[in-house]
Amino acid sequence: MSNVAILIARKGSKRIPNKNIRLFNSKPLITWQIEFALSQKRIDKVVLSSNDEECIRIAQGYKNLLVVERPDEISKDGSLVEEAILYTIEQLEKKNMQYDNFILLQPTNP
């Protein structure tokens, strides 16, 4: 059975600007979830789905992490997490990558 962790990180929070890259215990918040997911033996692939250039830049520093750049039309305040997940799964399928289980991770839940 194969497992993929999808890390959702949207740019544009109005309440806390740049919250996904704010430092938490001396590291950007997003790095906590990336490092956690990559350390799990039962997770076969870690994918970042984001429209935030800075989150993408941080993620590109990790081996074995795939970045899916999410379009702005599904990255707005009113956009549903489900839209981001479905878009990410579609992008994986276009690369002939299929998984049995999907695990949702959010950088704001370290």
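Reader: What share of the contacts with a separation of 6 or more comes from residues 24 or more positions apart in the protein chain?

Author: Such pairs, 24 or more positions apart, account for 64% of the contacts in the protein chain with a separation of 6 or more. The model is a predicted one, and every value below is computed from it.

Reader: Which elements make up the chain, and in what order do they run?

Author: The secondary structure comes to three helices and six strands. Read from the N terminus, the order is β-β-β-α-β-α-β-α-β. The radius of gyration is 13 Å, close to the 13 Å that the globule rule gives for 110 residues, so the chain is as compact as a globular protein of that length. Along the principal axes, the C-alpha trace spans about 40 × 30 × 20 Å.

Reader: How many of the 110 residues, as a percentage, are buried?

Author: Burial is judged by relative accessible area: under 20% is buried and over 50% is exposed, with partly exposed in between. By that scale, buried residues make up 39% of the 110 residues.

Reader: Where does Ser 2 fall on the scale, buried or exposed?

Author: Ser 2 has a relative accessible area of 19%, under the 20% cut-off, and is therefore buried. Its place is in the segment before strand 1. Leaving aside residues up to four places away in sequence, Ser 2 touches Asp 44, Gln 98, Tyr 99, Asp 100 and Asn 101.

Reader: And Gly 61, buried or exposed?

Author: Gly 61 is exposed, because its relative accessible area is 65% and the cut-off is 50%. It is found in the loop between helix 2 (53-59) and strand 5. Gly 61 and Arg 22 are 39 residues apart in sequence, and their C-alpha atoms are 17 Å apart in space.

Reader: What does Ser 39 count as?

Author: Ser 39 counts as partly exposed, because its relative accessibility of 48% lies between the two cut-offs. Its place is in helix 1 (residues 29-39). From Ser 39 to Leu 7 there are 32 residues in sequence and 14 Å in space, C-alpha to C-alpha.

Reader: How is a helix checked against its expected span? Take helix 3.

Author: The check sets the span expected at 1.5 Å a residue against the distance between the end C-alpha atoms. For the 14 residues of helix 3 (residues 81-94) the expected span is 20 Å, and the end C-alpha atoms are 20 Å apart, which agrees. Seen down the axis of helix 3, the buried residues fall within an arc of 160 degrees, so they line one face of the helix.

Reader: Which residues of helix 3 are buried, and which strands do they pack against?

Author: The buried residues are Ala 84, Thr 88, Ile 89, Gln 91 and Leu 92. They pack against strand 1 (3-9), strand 4 (45-50), strand 5 (65-69) and strand 6 (101-105). On the other side of helix 3, Leu 86 and Lys 94 are exposed. Asn 96, which follows helix 3, has a positive phi, near 60 degrees.

Reader: How many aromatic pairs are there?

Author: Pairing goes by the distance between ring centres, and planes over 60 degrees apart count as edge-to-face. The count comes to one aromatic pair. Phe 24 and Trp 32 form this edge-to-face pair, at 6.1 Å centre to centre with 75 degrees between the planes. Phe 24 is partly exposed at 44% relative accessibility, and Trp 32 is partly exposed at 26%.

Reader: What lies over the face of Trp 32?

Author: Lys 27 does, at 3.9 Å from the ring centre.

Methods: Residues numbered from 1 in each chain as written. Predicted model: local features only at pLDDT ≥ 70, side-chain atom pairs only at ≥ 80, totals over all residues. Heavy atoms only, no water. Helix = DSSP H or I, 4+ residues; strand = E, 2+ residues; numbered from the N terminus. Expected span 1.5 Å × (residues − 1). Buried < 20%, exposed > 50% of the residue type's maximum accessible area, 1.4 Å probe, protein only. Arc of directions from axis to C-beta. Contact = heavy atoms within 4.5 Å. Phe/Tyr/Trp six-rings, centres within 6.5 Å; stacked < 30°, edge-to-face > 60°. Lys NZ or Arg CZ within 6 Å of the ring centre and 35° of its normal. Rg over C-alpha atoms; globule rule 2.2 N^0.38 Å.
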